[in-house]
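Biologist: Please choose one part of this model and look at it closely, residue by residue where that helps. I should then like to see how the rest of the chain is arranged.

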Amino acid sequence: MDFDESSTTKIVTREFLAVVLAGFGNELLPLTTNHGDEPCPKALLPIANRPMLEYPLAWLEQSGITDVLLVCPTPQRSAVSNYIQSDVSSSYPSLRIDLQTFEESQDMASGTCSILRHFSSRIQSDFIILPCDFVPPPSLTLAQLLNKFRTESTYDGAIATACFYEASKPDKGTVTEDWGMLPTNLPIVFDERSGTLLHIDTPDDVDNNNEEFELRMSLLSQYPRTKLSASFRDSHVYVCRRTVLDALQAKHHFESLKEEFIPWLCKPQYQRTRREKYGNILSPVTNNLSQALALKHSTLHLPARKQHLRRSAAGSDDDEHLRSVVPSPVEQDDEEATEPSLRVGLIAHRASSGFASRANNLHSYLELNRFFLGQTTYVLPSDAETRALIDPKAQISSDSMVGRSTRVEERASIKRSVIGKHCIIGKMAKVVGCVLLDHCVVADGAKLDGCILGAYTKVGAKAELSRCVTQPGYEVGEGETARNEKLETSDWTARDTSESQESDEDSDDASEDSSE
């Protein structure tokens with residue numbers, strides 16, 4: 001039967017809002033240093049010649065999420081907005097992106113908790129927090145997290161689901177210490193059977209306990225078969241109830257979601273005093289009876305254990321679905337009422353199921369680019385105009401990428417490298433194991449090994465760089481050599497230059513006055 005839609009009212013309820021956090025990217029300096037007056041947003045840094053922001057956006061669209069709150073620093077609004085309007089609107093048409101900015105400087109970055117509190121009025125539903133730098137494998141879908149959260153939040157009153165991924169330590173020979181410290185894997189305690197995150201050993205815990213590891217007896221009595229692992233890293237992807245924001249407002253001194261709030265959020269599920277204090281905030285009494293009954297009588301969901309908990313003050317039996325066995329449909333619905341579990345669910349992604357990582361440091365950024373090189377095979381451009389830019393005598397290995405409008409000249413050699421758009425690789429130049437961002441120029445005879453060049457970098461003829469990172473617009477002089485360095489123009493150098501110019505002008509003025 002056909003209905004006239006004009007005479008009916010469509011009611012669309014948003015299930016989740018995705019909150020994507022895109023900061024300055026201080027951990028990727030000098031790549032994120034401004035190029036003159038133009039910002040170089042972390043979110044738009046390319047991974048395998050695609051802006052890193054595309055990876056979480058594609059992940060969201062594949063899961064059916066449509067509403068996205070994208071938060072970036074105010075100075076980067078114009079660049080990010082241009083990208084959204086030109087690229088995202090055509091590549092991901094189902095996404096509705098609300099771009100919002102926050103006031104901060106690169107020297108004084110705001111904490112993730114402060115940002116979330118600031119925009120809490122825009123988050124009126126359950127939500128997903130994810131960073132702009134997480135690159136998930138095809139085997140790890142966002143739908144896995146969402147379905148786990150949907151089931152457990154209704155089934156036993158879980159309040160969040162977190163995602164951790166297994167990360168191996170890189171070989172010592174591939175690490176450049178001058179690029180900064182490698183990320184550490186903080187130990188986590190979890191119950192594998194129920195997929196519950198129980199404890200995160202934060203940097204403060206490590207400082208306070210030295211080499212000891214402290215766990216509460218209440219945790220061990222509730223989950224006697226817990227596992228301890230230091231092989232996982234936090235993806236910073238969390239699916240949360242809206243009420244989690246109310247608890248965050250109460251913990252106004254927290255700055256970091258990853259290092260403070262999420263570790264704290266794990267504790268009310270087994271600490272009685274915190275449950276009593278924050279239980280009504282995290283899980284207020286609501287009328288979830290229909291959902292509870294649906295799951296209660298489902299044979300698909302068998303709880304791990306029976307929980308005999310006190311009845312709520314309101315005498316509600318809404319959460320009766322926490323029973324340890326699937327009850328008979330004839331059983332009285334109001335036989336027993338239970339408290340919500342306040343659990344934090346866990347998806348622990350194993351490395352054997354696919355490579356996952358965050359591009360939140362220079363080592364991981366290079367590693368991610370190299371990973372994608374192994375997933376593609378380079379072929380010469382098919383159109384004559386672009387193909388003419390690649391000299392027939394140039395050598396480009398099959399495990400390389402070359403962006404559009406890039407010119408590769410005679411006898412140049414490119415191996416296991418990502419070359420961005422509008423670059424120039426000169427005659428006899430050699431590029432091995434590198435990542436070159438857009439508009440880079442490598443002059444004749446230059447040699448690059450294991451480097452990351454920021455956009456608009458120029459490398460002079462016969463210069464040699466090994467394991468170096470350059471800021472956007474940096475110029476390496478002809479014949480210069482550098483190893484294991486971050487090459488950037490410091491502020492004091494710029495100031496000294498301007499001051500010397502001013503002193504020269506003053507001396508010129510003085511000489512003119514004396515001659516007159």
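Modeller: The account below begins with one pair of strands and then turns to helices, sheets and the whole chain.

The model is predicted, so local features are reported only at pLDDT of at least 70 and side-chain atom pairs only at pLDDT 80 or more, whereas totals for chains, interfaces and linings use all residues. Residues are numbered from 1 along each chain as its sequence is written, and side-chain values use heavy atoms, with hydrogens and water left out.

The part chosen is the hairpin made by strand 9 and strand 10, with 4 residues between the two strands. Helices (H or I, at least four residues) and strands (E, at least two) are DSSP runs, numbered from the N terminus. Strand 9 covers residues 188-191, and strand 10 covers residues 196-200. In the turn, Gly195 has a positive phi of about 65°. The two strands pair in the antiparallel sense over 4 bridges; pairing requires that DSSP finds at least two bridges between two strands. Within this pair, Val189 is opposite His199 of strand 10.

Strand 9 also has strand 11 (residues 227-229) as a partner, joined by 3 bridges and again antiparallel. Here Val189 faces Leu228 of strand 11. Are the two faces of strand 9 covered or open? Both are covered: Ile188 and Phe190 on one side, and Val189 and Asp191 on the other, are all buried. Buried means under 20% relative accessible area, exposed over 50%, and partly exposed in between, with a 1.4 Å probe and protein chains only.

Thr196 belongs to strand 10. Its relative accessibility is 0%, and Thr196 therefore counts as buried. Leaving aside residues up to four places away in sequence, Thr196 touches Val189, Phe190 and Asp191, and also Tyr223, Gln269, Arg343, Val344, Gly345 and Leu346; contact means heavy atoms within 4.5 Å. The C-alpha atoms of Thr196 and Ile347 are separated by 8.4 Å, although the two residues are 151 apart along the chain.

Arg343 and Gly345 are also touched by Glu152, a residue of helix 4. With the same exclusion of residues up to four places away in sequence, the other contacts of Glu152 are Gly157, Ala158 and Ser194. Glu152 counts as buried because its relative accessibility is 9%.

Helix 4 (residues 142-155) in turn packs against helix 1 (residues 54-63), their axes coming within 8 Å and crossing at roughly 55°. Axes are lines fitted to C-alpha atoms, for helices over the stretch in contact, and angles run from 0 to 180 degrees between N-to-C directions. Helix 1 and helix 4 are therefore oblique to each other, since angles under 35 degrees count as roughly parallel, over 145 as roughly antiparallel, 65 to 115 as roughly perpendicular and the rest as oblique. Their crossing is right-handed; a crossing is left-handed if the near helix is turned anticlockwise from the far one by less than a right angle, and right-handed if clockwise. Helix 1 contributes Trp59, Leu60 and Ser63, which meet Leu142, Ala143 and Leu146 of helix 4. By class, this contact of helix 1 with helix 4 has 5 nonpolar, 1 polar and no charged residues. Ala, Val, Leu, Ile, Met, Phe, Trp, Tyr, Cys and Pro count as nonpolar, Asp, Glu, Lys and Arg as charged, and the others, Gly among them, as polar.

A further helix pair is formed by helix 7 (residues 243-250) and helix 8 (residues 257-265), whose axes come within 12 Å and cross at roughly 115°. Val244, Ala247 and Leu248 of helix 7 meet Phe261, Trp264 and Leu265 of helix 8. That contact has 6 nonpolar, no polar and no charged residues.

Parallel sheets also occur in the chain. One is an open sheet of 6 strands in the order 15-18-21-24-27-30. Strand 15 (395-396) and strand 30 (481-483) have a single partner strand each, so one side of each is left without a neighbour in the sheet. Strand 15 is linked to strand 18 (residues 413-415) over 2 bridges, with Ile396 opposite Ile414. Another open sheet has 5 strands in the order 17-20-23-26-29, with strand 17 (407-408) and strand 29 (475-476) at the edges. Strand 26 (residues 458-459) is joined to strand 29 by 2 bridges, and Val459 has Val476 as its bridge partner.

For the protein chain as a whole, there are 13 helices and 31 strands, and 49% of the 516 residues count as buried. Among contacts between residues at least 6 apart in sequence, 60% join residues at least 24 apart.
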